[in-house]
Amino acid sequence: MHTDSMTPAHESREALRLYDYAPSCNCYKVRLLLSQLGRDYERVPVDIFNSETLTAAYGEINPLRTTPVLETDHGHLPESNAILVYLAAGTPLLPEDPFELAQVIRWLIYEQTDVIPTMGGLRFRLLVGRLTPDDPEAIQRRADALEVLRVLDHHLAVNLFFVAGRYTIADIAIYGYTHLAGQAGIDLTPFANLRAWFSRVERQSGYIEDVEPYGANARPGAGRSLYD
């Protein structure tokens, strides 16, 4: 899939700049897609726990002060899944059929509303010491994450990928946080369909996995960020 045909001709020379926090799986999703599309881009590291999204300059780029942000010839585009849609438009990774496109959007929404707040939020808080495994909030997030994983595993029992029987940005979006759910103390052993899907994703051409550990400044009281 890492071929010239994956890049729309009208976008092939567009200059791209990605404002990016390496430990974030929201940012990772965009890096993964860019790699699989074979797109050149400039990566601009942003340390969200070192006040770097709180500056006036960053506020001009993204008033919500989150990462990632993609700078394009048309302007700045925040929100990871919006970026996935923009980059994948005109490629096989974003279906043109209206129903299949709607299904992709369905999973992009579910990823943001259910996947990230559960296993993604729990992973972050446990890894940086903002929660311990026996905190009531951690217990609730873990229970909610298990329910999400059951939904995903059930869907994958009869589908090789999430939409249209092929790899799309729906898979990229959901893979971002689910493949690291083990770092949230969640046992993925019972979810055989999900684990088989991980392997299918990881066999796609252009696949990368470059999520970095959180820095020490992500620990409570150690840095200054939107999340403190």
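Helices here are DSSP runs of H or I with at least four residues, strands are E runs of at least two, and both are numbered from the N terminus. The model behind every view is a predicted one.

**View 1. The loop between α2 and β3 holds a cis peptide bond at P68.** P68 sits in the loop that joins α2 (56–61) to β3. Going from T67 into P68, the peptide bond is cis, with omega near 0°. That's worth a look, because most peptide bonds are trans.

**View 2. Four strands make up an open, mixed sheet.** Reading across the sheet, the order is β2-β1-β3-β4. The edge positions go to β2 (42–45) and β4 (75–78); each has a single partner strand, so one side of each has no neighbour in the sheet. Ignoring direction, neighbouring strands are turned by 20° against each other on average. In the middle of that order, β1 (residues 17–20) and β3 (residues 69–72) are paired antiparallel over three bridges.

**View 3. R17 and E71 face each other across β1 and β3 and share a salt bridge.** R17 in β1 has E71 of β3 standing opposite. Their side chains meet as well, at 2.8 Å from N to O. Along the chain the two are 54 residues apart, so to speak a link between distant parts. How buried or exposed is R17? R17 counts as partly exposed, because its relative accessible area is 26% and buried would need under 20%.

**View 4. Helices α1 and α3 lie across the strands.** Helix α1 (residues 25–37) crosses β1 and β2, at about 150° to β1. Helix α3 (residues 80–88) covers β3 and β4 and runs at about 125° to β4.

**View 5. Helix α3 lines up its buried residues on one face.** Which residues of α3 are buried? They are S80, N81, I83, L84, L87 and A88. Looking down the axis of α3, these buried residues stay within an arc of 155°, and therefore they line one face of the helix. What they pack against is α1, β3, β4, α4 (98–127) and α6. After α3 comes G90, with a positive phi near 85°.

**View 6. R31 pairs with D210.** The closest N and O atoms of this salt bridge are 3.0 Å apart. R31 belongs to helix α1 and D210 to the segment after α7 (192–202), so the pair ties together parts 179 residues apart in sequence. R31 is buried, at 0% relative accessible area, while D210 is partly exposed at 24%.

**View 7. Helix α5 carries a salt bridge between E147 and R150.** The two residues are three apart in the helix, about one turn, and their closest N and O atoms are 3.2 Å apart. E147 is partly exposed at 42% relative accessible area; R150 is partly exposed too, at 45%. Elsewhere, salt bridges with shared partners join D20, R31, R43 and D210 into one network. The salt bridge count for the model comes to eleven.

**View 8. S51 and A164 have positive phi without being glycines.** S51, in the loop between β2 and α2, has phi near 65°. A164 comes in at about 65° and sits in the loop between α5 (136–156) and α6 (169–178). With a relative accessible area of 37%, A164 is partly exposed. For context, most residues other than glycine have a negative phi.

Key
Residues numbered from 1 in each chain as written. Predicted model: local features only at pLDDT ≥ 70, side-chain atom pairs only at ≥ 80, totals over all residues. Heavy atoms only, no water. Pairing = 2+ DSSP bridges. Axes fitted to C-alpha atoms, helices over the stretch in contact; angles between N-to-C directions. Contact = heavy atoms within 4.5 Å. Buried < 20%, exposed > 50% of the residue type's maximum accessible area, 1.4 Å probe, protein only. Arc of directions from axis to C-beta. Salt bridge = Lys/Arg side-chain N within 4 Å of Asp/Glu carboxyl O.
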